[in-house]
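The following exercises concern a single protein chain. Please examine the sequence and the structure before working through each solution.

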Amino acid sequence: MTRNDINKILAYPSRLLGQRQADILVAAGLIMLSYGSSLLLGLVRQRLLGATFYECCADDLDVYKAAFRLPDMLFQGTLSAAFIPMFSESLEDKESEGHLFASSALNGLFLLILVGSVLIWLFSAPLARLLTGGFSPQQVSLMSSLMNWILLSQIFFLVSHWASG
């Protein structure tokens, strides 16, 4: 498949729908493709972790999986579930208002996630005990530590994404 063929495929929706609707359709398609790819790669990751570590370190693998619960809940879905429909609606009204809305919403989301991350970081040990009733004290301690590292990496990702515009 050549670059010209790809351009023809991408230009086809704009002939049917008009340029603005086609742009939204392509953007929604890209989001859908990235979400599907993320799910597939997550499944591969889980299968590889299970196949590699289940025999020797099943308890540590359970701690590792449990440590992702809270950071994933904080970071996943907040943007796509609420932001995209509202952004599309504000773009329809006026493009400049849409971009102002996007800037305000993303800055607010950045602050909300940052504050949530700091709170989870500060209270990671009690939250780890709350989330895991059957873990030993050593497992809870390991989970708290892992959760802090996961949050730290998420915060760095969030700050770099915000700084890049």
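**Exercise 1.** Determine which helix holds serine 124, and whether serine 124 is buried or exposed.

*Solution.* In this predicted model, serine 124 belongs to helix α6, which covers residues 124-131. The relative accessible area of serine 124 is 4%. Buried means under 20%, so serine 124 is buried.

**Exercise 2.** Identify the residues that serine 124 touches, leaving out those up to four places away in sequence, and find the polar contact of its side chain.

*Solution.* Serine 124 touches Ser144, Met147 and Asn148. With the side chain of asparagine 148, the serine 124 side chain makes a polar contact at 3.3 Å.

**Exercise 3.** Compare the expected span of helix α5 with the distance between its end C-alpha atoms.

*Solution.* Helix α5 comprises 28 residues, 95-122. At 1.5 Å a residue, the helix should span 40 Å. Its end C-alpha atoms lie 40 Å apart, which agrees.

**Exercise 4.** Classify leucine 119 by accessibility, and name the surface patch residues that accompany it.

*Solution.* Leucine 119 is located in helix α5. Its relative accessibility is 45%; partly exposed lies between 20% and 50%, so leucine 119 counts as partly exposed. Together with Val115, Val118, Trp121, Leu122 and Phe123, Leu119 makes a nonpolar surface patch of about 580 Å². By contrast, the buried residues of α5 include Leu109, Phe110, Ile113 and Ile120.

**Exercise 5.** State how many helices and strands the protein chain has, and what share of its residues is buried.

*Solution.* The chain has seven helices and zero strands. Of its 165 residues, 23% are buried.

Conventions:
Residues numbered from 1 in each chain as written. Predicted model: local features only at pLDDT ≥ 70, side-chain atom pairs only at ≥ 80, totals over all residues. Heavy atoms only, no water. Helix = DSSP H or I, 4+ residues; strand = E, 2+ residues; numbered from the N terminus. Expected span 1.5 Å × (residues − 1). Buried < 20%, exposed > 50% of the residue type's maximum accessible area, 1.4 Å probe, protein only. Polar contact = N/O pair within 3.5 Å; in protein donor to acceptor, adjacent residues only side chain to side chain. Contact = heavy atoms within 4.5 Å. Patch = residues over 30% accessible without salt bridge, like charges linked within 9 Å, V, L, I, M, F, W, Y side chains within 5 Å. Areas by Shrake-Rupley, 256 points an atom, 1.4 Å probe, with all protein chains shown as cover. Salt bridge = Lys/Arg side-chain N within 4 Å of Asp/Glu carboxyl O.
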